[in-house]
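Me: I would like to learn how to read a model of two protein chains, feature by feature. Could you take me through it, giving the general idea before each case?

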Amino acid sequence: MVEFLSFRDGESTQEPAVTVEAFTGQSNATAVRIEPGEDARELLPHLDRISLVEVNFPGFGDGRGYSAARILREAGYQGELRAVGDVLVDQIVAMRRCGFDSFHPAKALDDAAVDRALTRYADVYQKTIDGRAPIWAKRHPETQNG
Amino acid sequence: MYRYDSYDQSIVDARVEEFRDQTQRRLAGALTEDQFKPLRLMNGLYLQLHAYMLRVAIPYGTLSGTQMRKLGEIAGKYDKGYAHFTTRQNLQYNWIKLADAPDILAELATVEMHAIQTSGNCIRNISSDQYAGVSADEVADPRPWAELLRQWSSFHPEFTYLPRKFKIAVIASDDDRAAMRLHDIGLKLVERDGVVGAEVYAGGGMGRTPMVAPLIRDFVAEDEIISYLEACLRVYNRYGRRDNKYKARIKILVHEIGVEEYKRQVEEEFAHMRTLGLNPPVEELARIRAFFAPPAYETDLSDTIDRSDRAFALWLDRQVAAHKAPGYAIVNISLKPIDGIPGDASAEQMALVADLAESYSFDELRVTHAQNLVLPHVQKADLFAIWQKLVAAGLAEANLDLITDIIACPGLDYCALANARSIPLAQKIAARFADAERQADLGELKLKISGCINACGHHHAGHIGILGVDRRGVENFQLLLGGSGAEDASLGQITGPGFSEDGVVDAIEKVTDIYLAERTDGERFLDTYRRIGMTPFKEAIYG
């Protein structure tokens, strides 16, 4: 069983994450935790000093964290982006596509199931910030997208 | 029609295997029902009152004879020999065994069909105009756009756990046959300076808080539609309410923050999104569009039709619509026989319709949001032969848009959410108004029944709408007048206290009597209602 999953090179950040409010109010924290309903864009002025953003999923059905992740990556955030809480094997692929590169699920995941999930779909229809070429780009290798 | 390439096929095949794996884990006890529920719901599998219900996507309501034949075969092999066409142009099997579901999906995949995102809080099947590609008044065929959106929305990583389900419709005619403005997002293709783009409407819907979607942008070009929709969805995903599932649809967000504020937020997000290269190149839409090129219509065909058979002539006048190509016609096949279940078709009927599509309609069929079927390209010379075959199969009812062409949800006979039975009521109403001359005299009269407030039967949009409620353990039916899902979209108003099942049939008769007494030349029921208002109807019902 997997209790922690990382797709980053090297060590993961061990520093405990502080709340967005605490983070924006103090200068020295480098790890911050976003709850559903908090605006990831509040962190954008501070991205250069952040090494870890945790995005909490209290329940898997609350998908706000997917937008938070993409917003951070679209803004150029390069640090660790960790999904925590009710993270299930069936959500890992979508989370990876939105920019999450580490996972700390409340309940450990089955290794084999994670492997199957990650390799099941060879191709994707959408362009996101994960760098994968969408199917439309493969269909039209000669064109530049808009 | 669109055909899968190896990319499309491999995604659908992978989904079958994923669902097989999930189902086996459930059947082996490795997943609890609570854990399995969100997984099956992403794939259109509901646990209903008596059995599992599987909803199959029919993208924008277009399918081939081969696909229809397969749907019929599945109904015979895995269900009780029939299936139900829905108001979102999909198909539902009502008596499915969980262990069979993966095999059914595998069979669907062999004909390029699936059940992906036919439930769950995600972007659902894209709906469209059943006359797309064959009506003379459209700006462009809306289906290439719908297919582009089907692909974009399939397994969208950011928008799979939205606050609530999300329904998109695309049309391209001034006549709205898809209830476009009652969708979470509606696109209407328009032409500007020779360029086709979309008007975008957002925040429509039915349910317990019905809303007609306002216009939020008057033009989005084809090479920016994906980034614009991503902006619309992102604002909704971030700020749509999640504290109350009855207030979670985008219509509530748009209503609460106001259209202008929603537009402002979307424009701000769009300004960002359009820099990210999210849009497929125009060559991709062109690639898809090529699949929807008009079939090879024959030329120099006669437009003359022998009307000497009176029953055929009645059917012709009611069920057949004008086609853009000379010598051709659009045939509407009623799934509303007087004693039938609205939207149901038997396996044998589906096989026959598949044959008709292959023999007479360039192998193409459509499903309408009013739960009927369409043969979109029929030579006028073939109409009589088609009609005879439909008569033999019990599919020749001539009631398109008449009072017995009832939209009804499955209701309490099937649905775990329902408060009242829709089907028996639909049958009683149809029986009361069965007389062909009486129906024809009443003219266009769209009657829609929902068995609960979730409004799957579109009662808000009925010229006459009926809502089944539970009143202290007894089924009770509220009556609404004046709704429309068409280009003149409006929401029906409740007449007053509700009725018993028989009482509401009587009340409808009183309402139609007032219409007949008050109408002026050429007025439909809806027109008369709008002119004279609710009061005369109320007096007739309750006075």
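Me: Let me begin with charge: how far apart are the mean positions of the positive and negative charges of chain A?

Reply: One begins by averaging the positions of each kind of charge and then looks at the separation of the two averages. In this model, which is predicted, chain A has 17 positive and 23 negative charges, and their mean positions lie 6 Å apart. For chain B, with 61 positive and 77 negative charges, the mean positions are likewise 6 Å apart.

Me: Which secondary-structure elements does chain A contain, and in what order do they run?

Reply: It helps to count the elements and then to follow them along the chain. Chain A has five helices and six strands, and from the N terminus on their order is β-β-α-β-β-α-β-α-β-α-α. Its radius of gyration is 16 Å, close to the 15 Å that the globule rule gives for 146 residues, so chain A is as compact as a globular protein of that length. Taken along the principal axes, the box filled by its C-alpha atoms is roughly 50 × 40 × 30 Å.

Me: What do the corresponding values look like for chain B?

Reply: The reading follows the steps used above. Chain B comprises 17 helices and 20 strands, and its radius of gyration of 23 Å agrees with the value near 24 Å that a compact globule of 543 residues would have. The C-alpha trace of chain B spans about 60 × 60 × 60 Å along its principal axes.

Me: How much of each chain is buried, and what share of the contacts joins residues at least 24 apart in sequence?

Reply: These are two separate readings, one of cover and one of sequence separation. In chain A, 48% of the 146 residues are buried, while in chain B buried residues make up 62% of the 543. If one considers contacts between residues at least 6 apart in sequence, 52% of those in chain A join residues at least 24 apart, and in chain B residues 24 or more positions apart account for 67%. As for the surface, chain A exposes about 6,600 Å², with 48% supplied by carbon and sulfur atoms, and chain B has about 19,200 Å² of accessible surface, 50% of which belongs to carbon and sulfur atoms.

Me: How much area do chain A and chain B bury between them?

Reply: The size of an interface is often given as the accessible area lost when the parts come together. Here chain A and chain B bury about 3,700 Å² between them, 52% of it on carbon and sulfur atoms. On the chain A side, Tyr121(A), Tyr125(A) and Arg139(A) lose the most area to chain B, together 20% of what that side buries. Counted by residues, 36 of chain A are in contact with 43 of chain B.

Me: Is helix H4 of chain B mostly covered or mostly uncovered?

Reply: For a helix, one asks how many residues are buried and then what covers them. H4(B), residues 101-109, is mostly covered, with seven of its nine residues buried, among them Pro102(B), Ile104(B) and Leu108(B). The cover over the buried residues of H4(B) includes helices H1 and H3 and strands E1, E2 and E5 of chain B.

Me: Is Thr23(B) buried or exposed, and which residues does Thr23(B) touch?

Reply: For a single residue, the accessibility is read before the neighbours. Thr23(B), found in helix H1 of chain B, has 1% relative accessibility and therefore counts as buried. Leaving aside residues up to four places away in sequence, Thr23(B) touches Phe36(B), Leu98(B) and Pro102(B), and Pro102(B) is itself one of the buried residues of H4(B).

Terms used:
Residues are numbered from 1 along each chain as its sequence is written. Chains are lettered from A and ligands numbered from 1 in the order in which they are written. This is a predicted model: local features need pLDDT of at least 70, side-chain atom pairs count only at pLDDT 80 or more; totals for chains, interfaces and linings use all residues. Side-chain values use heavy atoms; hydrogens and water are left out. Helices (H or I, at least four residues) and strands (E, at least two) are DSSP runs, numbered from the N terminus. The radius of gyration is taken over C-alpha atoms; the globule rule is 2.2 Å times the number of residues to the power 0.38. Buried means under 20% relative accessible area, exposed over 50%, partly exposed in between (1.4 Å probe, protein chains only). Contact means heavy atoms within 4.5 Å. Accessible areas come from the Shrake-Rupley method with a 1.4 Å probe; for residues, only the protein chains shown count as cover. Lys and Arg count as positive and Asp and Glu as negative; His and the chain ends are not counted. The place of a charge is taken as NZ of Lys, CZ of Arg, CG of Asp or CD of Glu. Buried area is the accessible area (1.4 Å probe) that two parts lose on being put together, summed over both.
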